[in-house]
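Open the model in your viewer and keep the sequence panel visible. The tour takes in a sheet, then two pockets.

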Amino acid sequence: QKAADTNKAKVLKIGAEMTFPPFEFQEEGSKEYVGFDMDLAKAVAKQMGYTAEIQNIGFDGLIPALEAGNIDMIVSGMSITEERSKKIAFSKPYYKSGLSIVVKGDNNSITSFKDLEGKRIAVQIGTTGAEEARKIKDAKVREYNSNSEAYMELKAGGVDAVVNDLPVNEYYLTKSGEKNAKIVGDIVNAEEYGMAVTKKNTELVEKVNKAIDELKKNGEYEKIYVKWFGK
Ligand code: GLN
C-alpha cells in the first residue's frame with residue numbers, strides 16, 4: 001500500500017451497513033453516519049494519519065466491495081468468523097457481542113433458540129444471525145437487506161421472531177419506542193467484532209491493531225464506548 005501511504009489526501013475508504021444502531025446508523029432526518037463503529041473507525045483512521053471516508057453498503061456487499069478494491073476497510077459490526085477469515089483479514093477484536101431473539105411482547109411460546117424450531121424468523125442477509133437461523137430445524141428463514149425491514153416484519157406479524165446481535169436488539173427496544181417487543185434467549189459474548197481489510201494488506205492490519213491499542217491506552221476508546229453504551 002505504498003500508493004496510499006504517499007497519497008497526499010490519505011483517505012481511508014470505510015464501508016458499513018447503516019441499519020445497525022448503535023454501531024452505524026443515520027438519525028432520522030440526518031444524512032450523517034453515526035454510531036460507535038463510526039466514531040471508532042474515524043479515530044483509528046486519524047491515529048494512522050488518514051481521513052475516514054464512509055460509504056453505506058449492503059451487509060452482503062461489504063466483502064465483495066473490499067475484494068473489488070472499492071473500499072479499504074470494513075467497520076460494520078462484523079463478527080470475526082472462520083468462514084470470513086478465509087477471504088479477508090480481521091483486526092484484533094474491538095467489541096464483544098452475541099446473538100439474541102426479539103419476539104412480540106405477548107409471545108410466551110418462544111423463550112430460547114430451541115423454541116424457534118418450525119417458526120418464521122426474520123434476519124439480515126449475510127449475517128451470523130442468518131447463518132444461526134438456518135441451522136434451526138424446520139425454521140422458515142426470511143432474509144432482509146436491512147435490520148429495519150426485519151423488525152418491521154415482526155411488527156407486522158409476518159414472522160414470529162427476529163434473530164440479531166444483542167446490543168442492536170437492545171437498542172431497538174429502548175430507542176425505537178417499540179413497546180410491544182421483548183428480547184429472549186441471549187447467546188452473549190459468543191462473537192467478537194473486527195475491522196476487516198484485504199488479505200494482501202498485511203501492513204494495514206498491523207497499523208489498525210496498533211491504532212486500536214493506542215486508543216485503548218490513551219482513553220479515546222473508553223470515551224467512545226461510554227458515549228454510546230454508558231458506563
Ligand atoms: N455481527 C453480525 C455479523 O457479523 C451482524 C452484523 C450486521 O448486521 N451489521 O454477521
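**Stop 1: the sheet**

This is a predicted model. Begin by selecting strand β7, residues 95-104, together with strand β10, residues 161-165. The two pair in the antiparallel sense over four bridges. Now pick I101; its bridge partner in β10 is V163.

Next, show β8, residues 120-124, and add β9. Here the pairing is parallel, over five bridges. Click I121 to find its bridge partner in β9, V141. Then bring in helix α5, residues 128-134. β8, α5 and β9 make a right-handed β-α-β unit.

Now display the whole sheet. In what order do its five strands run? The order is β9-β8-β10-β7-β11, in an open sheet with mixed pairing. Look at the edges: β9 (140-144) and β11 (181-193) stand there, each with a single partner strand, so one side of each has no neighbour in the sheet. Rotate the view to follow the twist, which averages 25° from one strand to the next.

**Stop 2: the largest pocket**

Switch on a surface. The largest pocket holds about 460 Å³ of space. Its lining counts 18 residues, and those closest to the centre are P21, S148, Y171, Y172 and S176. Select these five as sticks.

Which helix gives the most to this lining? It is α6, with five residues. Colour α6 (147-155) and α7 (166-175), since each supplies at least two lining residues. By class, the lining of the largest pocket divides into seven nonpolar, six polar and five charged residues.

Colour by domain next. Why does the largest pocket lie between domain 1 and domain 2? Domain 1 (2-94 + 194-229) and domain 2 (96-190) both give residues to its lining, so the pocket lies between them.

**Stop 3: the second largest pocket**

Move on to the second largest pocket, with about 320 Å³ of space. Of its 14 lining residues, select I63, E83, R84, K87 and G126, the closest to its centre.

Three helices deserve a colour here: α3 (62-67), α4 (82-85) and α5 each supply at least two residues of this lining. The largest share, three residues, comes from α3. Helix α5 is already on screen from the β-α-β unit.

Colour the lining of the second largest pocket by class to see seven charged, four nonpolar and three polar residues. Finish with the domain colours: domain 1 and domain 2 each give at least three residues to this lining.

Note on methods:
Residues are numbered from 1 along each chain as its sequence is written. This is a predicted model: local features need pLDDT of at least 70, side-chain atom pairs count only at pLDDT 80 or more; totals for chains, interfaces and linings use all residues. Side-chain values use heavy atoms; hydrogens and water are left out. Two strands pair if DSSP finds at least two bridges between them. Axes are lines fitted to C-alpha atoms, for helices over the stretch in contact, and angles run from 0 to 180 degrees between N-to-C directions. A crossover is right-handed if, with the strands pointing away from the viewer, the path from the first strand over the helix to the second runs clockwise. On a 1 Å grid over the protein atoms alone, a cavity is a set of points where a 1.4 Å probe fits but cannot get out, and a pocket is an open set with protein on both sides within 12 Å along at least five of seven lines; lining residues have an atom within 4 Å of a point. Grid points are joined across faces, edges and corners, and a volume is the space filled by probe spheres set on the points. Ala, Val, Leu, Ile, Met, Phe, Trp, Tyr, Cys and Pro count as nonpolar, Asp, Glu, Lys and Arg as charged, and the others, Gly among them, as polar. Domain bounds come from an automatic or database domain assignment.
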